[in-house]
Amino acid sequence: MDHLLPPEIVEAGRAFPQALAACGDLDALLRLKGAYVGREGSHAARLMDLLKAAPKEQKRDLGAAINGLKQQWEEGLKARQTELEAAKKNLNALASNWDPSLPPPVPARGALHPLNRLMDRLVEVFRPLGFHVEEGPEVETEAHNFDGLNIPEDHPAKASSDTFYLAAHPELLLRTHTSPVQVRTLLRVAPELAKRGGIRFLAPGRVYRKDEIDPTHSPMFHQVEGMLVGHDIGMQHLKGTLEYALRALFGPHTEIRLRPSYFPFVEPGCEVDVSCPLCDAKGCRVCKGSGWVEILGAGLLHPNVLTYAGIDPGEWSGWAFGMGVERMAMMLSQTPDLRLFFENDQRFLKAMGGLD
Amino acid sequence: MWIERKALAAEIPAAKALDTRQLCELLAALGFPVDGVASREGGDVLDVDITANRGDAMSHRGMAREVAAKLRQPLTPLAPPPVTEGAPKVEVRLESPACPLYATALLSLGKGTTPPEAQAFLRALESSPKCLPAVDASNELLLRYGHPTHAFDADRIRGAVSVRWAIAGEKLVTLDGVTRTLTAQDLVIADEAGPIALAGVMGGDGTKVTEATRRVLLESAWFDPKTVRATARRHSLHTDASHRFGRGADPAMAAVARDLLVDRLQAWAGATLEGAWTAGSLPAPVAPVRLPEALLACVAGEPLPLAEAAETLRRLGCTVDVHPSLLVIQPPTWRHDLTIPADMAEEVLRLRGYEHIPSVLPPLEGPPVPLAADYLQRQAVARRLAHLGFHQTVTYGFISPEADVAYAAAGNAPEGRTLVNPLGQEYSVMRGTLLSSLKAVAEQNLRQATREIRLFEVAPIYVSSSQGPMERFTLGLVWGGTLGGEDYLSPARPVREADLSGIARDLGLASAPQVRSLGEGLFGFETPVSELPPAGARIIPAFRPFSRFPAVERDLSLLVDLGQSYETLASAMRDALPADVLQDLRCVDVFRHKSLPEGRQAWLMRVRFQADRTLVGTEVDGWMATALAAAESLGAKLRA
């Protein structure tokens with residue numbers, strides 16, 4: 001029938017499927033619809049005009065051809081509209097969809113300092129045994145720092161090359177260990193020691209020694225002191241307590257080893273080694289292949305320490321230990337340089353300190 | 001101290017079977033840990049750590065004594081050919097109780113030098129041989145037997161020798177070539193022309209043995225440890241001799257060491273003995289120590305048979321009388337550290353081995369003590385801030401005077417907090433503020449291109465007082481950099497002062513601390529920890545009733561002057577409203593824009609009402625009008 005139709009309409013009919021496919025959205029489709037089947041000026045409108053003007057004998061055939069074309073166009077348009085509407089709906093759905101793999105807003109996360117964290121942990125470990133925390137000032141008297149601890153008058157640690165002194169107060173110094181907290185606490189509780197049933201406490205804190213700053217030395221560092229005074233306290237109680245605490249800290253298979261040593265404020269004195277927690281005592285770089293790491297110094301209280309505080313060493317006895325917090329932190333974390341703990345780089349703090 | 005395995009083994013035949021590793025373990029178990037092992041002169045040398053109380057152990061003989069006691073083996077007898085003493089060839093006068101005993105001998109030297117094995121022994125212990133037999137033999141004896149001796153060039157000594165206190169201001173050139181100005185507390189060996197040696201510390205340069213020396217006067221004495229320590233410290237002259245005498249030498253070794261030295265000089269240098277004599281006598285023995293059976297059992301953690309303990313102590317050289325439930329112990333002349341019963345108990349346990357001590361938890365004799373409130377408060381604030389995204393720092397307690405004065409309180413005089421011997425000026429003042437330290441840490445982090453700085457420290461600051469610096473636990477906090485912008489929902493913006501006020505409010509500070517600008521977009525505040533709310537005394541606070549009727553919220557947009565104080569306006573509005581229904585009034589937005597009238601800004605005020613009944617719209621309208629009127633009285637206008 002094409003010969004009955006004007007050639008440009010035939011051409012338009014042929015181009016229709018492609019034009020329909022090219023409509024990317026509903027607006028384009030609407031424009032296409034107007035061009036083909038619109039009420040005025042469209043191909044369909046022109047065909048209707050043509051039909052009206054056609055000779056009578058052609059009308060039937062022409063009419064059939066025109067209707068065929070119109071129907072084809074209308075069906076095509078409708079199908080495409082459904083398609084495009086579905087696509088739009090789909091996009092809307094996608095736009096409102098949440099992609100859980102996108103980085104979400106995360107609440108800021110800070111950290112406790114690793115040294116504080118370790119000290120907190122030690123306090124936690126000793127709490128079930130009835131230890132509380134005693135604290136003392138960092139600016140101390142010579143008497144508390146040295147004399148009360150049976151440290152001889154002429155001990156080299158007293159020299160200004162080893163200990164910081166205050167200019168305006170010659171009798172004051174920066175404590176060189178947490179042991180003066182022993183002296184202060186014993187002096188305080190001495191009158192009520194029997195009523196209390198002895199005393200047991202930890203003393204965590206900062207201490208100062210005149211060391212130049214290098215990878216293994218710092219003029220300020222931390223110690224945790226432990227002390228217990230009671231009746232008939234002996235080395236077995238020191239060993240029992242430390243075994244409990246170090247197992248709580250490093251795991252139930254941890255072994256401890258006491259070796260004789262000397263500190264003026266204890267007698268007998270000892271160094272305490274712990275089976276290397278990093279290699280399960282198999283031997284590694286940290287324990288230098290020995291399977292043991294030195295962890296603290298300890299001993300039974302020297303009678304002079306009790307006597308100084310006004311406590312009768314004939315009735316009371318006790319033990320004390322002191323450990324270096326940085327040393328333990330470096331061992332556990334294998335941090336190569338002590339200065340990192342005082343540099344306070346946020347990356348270090350976040351990685352080493354944590355929050356629990 | 002370096003210990004040659006071979007030389008130690010020579011003192012105790014049983015130790016010859018011990019290899020280096022076994023020896024190290026044995027020494028560690030006895031309280032002498034080995035810090036390292038080196039191979040020198042064809043044998044192992046051990047770097048043994050000897051504690052300050054054990055001067056007696058600072059020699060091969062001393063170490064061997066310990067090992068022999070542990071292994072229950074005898075020591076090789078120490079028996080030099082006896083030297084017959086006669087009349088003094090040079091008068092020796094002991095003028096101070098700090099030197100009760102002075103054994104000496106006069107020898108003329110022949111030909112000969114230090115034998116190779118003695119040189120090798122010295123080299124192995126990092127002591128270089130001088131090839132002067134008198135010097136090398138003295139050094140070798142010191143390292144082997146632990147008793148310091150000295151040889152003077154006898155021909156350079158003028159007249160009698162005395163051991164006396166120096167006269168203040170007297171001078172002595174010591175062997176190291178340094179001229180020492182002496183004090184009246186320095187003990188010296190002197191001839192009639194003046195001091196020739198610092199007793200127990202170092203000889204004098206003027207009488208030292210040289211290649212030209214023909215005759216030597218030997219010294220093998222005993223000096224008071226305290227005197228030697230003081231002199232060594234006073235002159236910063238810490239020598240092998242001062243270490244031994246300072247920790248207590250064995251007075252009974254004085255004559256023996258002299259005899260050994262004579263024997264070596266005869267053997268090594270063909271010396272001829274002209275005479276040997278001793279001035280003074282052995283110091284009186286110390287009082288015996290009484291060790292009750294009960295004390296030993298208490299220290300050891302279990303009853304130990306007294307006979308066994310006595311046998312152990314005898315192996316260490318003690319003389320022991322066993323009484324019923326008591327040991328009376330006379331320590332040997334070389335053990336100055338054994339003075340109280342606990343010392344003796346330690347010796348018994350040490351030889352027995354600490355591994356035999358039982359492990360027992362101490363029984364509770366009284367109720368445990370709770371943790372102190374101020375300690376818990378510091379722990380709590382640190383945890384809170386860590387959860388709010390802040391990093392806890394630990395910085396030194398001393399800072400530079402400049403850093404201190406920048407933020408310390410004006411009345412807190414730094415003079416009362418200054419160290420007399422700081423590591424350096426930058427570490428000289430006990431800080432009166434935490435902000436300087438935190439600022440330095442923050443700047444260091446900024447240099448590492450850290451986007452956002454969130455730091456805090458809980459530490460004491462120091463406040464000068466007539467009694468010395470008083471410590472006040474303080475919280476310091478620094479915040480700066482860029483907030484947000486790290487995800488698709490949080491816009492980036494710089495940290496502002498108000499952010500720090502928000503933290504202060506979160507912590508429950510009663511009054512807002514002064515937020516200070518620290519430069520580079522950093523802000524900080526500090527507050528005494530005591531200002532923070534204490535942990536509640538009640539486990540759960542007392543119940544306060546609250547309304548279950550719905551609340552009504554209204555916004556009011558106000559145009560106010562740019563200089564208007566928010567607190568003034570807000571309290572005026574609050575005061576105008578009935579307190580029983582006003583639940584909250586706050587500014588929720590500040591708008592500043594050129595579209596607003598010049599000199600004005602817009603505040604969006606949100607007001608929340610609630611009562612124990614349902615509120616009626618008209619009454620709320622009335623209150624809002626009242627609130628607006630209060631605002632208008634301060635120059636505010638309703639924003640159209």
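Author: Before we look at this predicted model, one term is needed: two residues are in contact if their C-beta atoms, placed from the backbone, lie within 7 Å.

Reader: Okay, so which residues does A199(B) touch?

Author: Leaving out residues up to four places away in sequence, A199(B) touches C99(B), V163(B), L187(B), V188(B), I189(B) and F223(B). A199(B) is also listed, with A298(A), V188(B) and V216(B), among the residues that have the most contacts inside the largest nonpolar core, which has 175 residues.

Reader: Which helix gives the most to this core?

Author: That is helix α8 of chain B, residues 253-269, which gives 10 residues to the core. There is also a second, separate core of 52 residues, and A386(B), F390(B), F398(B) and W479(B) are included in it.

Reader: Changing topic, how many residues of chain B are in contact with chain A?

Author: On the chain B side there are 80 residues, and they are in contact with 74 residues of chain A. Several elements of chain B each supply at least two residues to that side, including α2 (20-29), α12 (373-387) and β21 (452-463). By class, the side of chain B that touches chain A has 46 nonpolar, 23 polar and 11 charged residues.

Reader: And how do the axes of α16 and α17 of chain B cross?

Author: The axes of helix α16 (residues 566-576) and helix α17 (residues 617-632) of chain B come within 8 Å and cross at roughly 140°. That crossing makes α16(B) oblique to α17(B).

Reader: Which residues make the contact?

Author: From α16(B) they are L569(B), A572(B), M573(B) and A576(B), while α17(B) brings T626(B), A627(B), A630(B) and A631(B). These divide into 7 nonpolar, 1 polar and no charged residues.

Note on methods
Residues numbered from 1 in each chain as written. Chains lettered and ligands numbered in written order. Predicted model: local features only at pLDDT ≥ 70, side-chain atom pairs only at ≥ 80, totals over all residues. Helix = DSSP H or I, 4+ residues; strand = E, 2+ residues; numbered from the N terminus. Nonpolar A, V, L, I, M, F, W, Y, C, P; charged D, E, K, R; others polar. Core = buried A, V, L, I, M, F, W, Y, C linked by C-beta atoms within 7 Å. Buried ≥ 20, exposed ≤ 12 C-beta atoms within 10 Å, placed from the backbone. Axes fitted to C-alpha atoms, helices over the stretch in contact; angles between N-to-C directions. Parallel < 35°, antiparallel > 145°, perpendicular 65-115°, else oblique.
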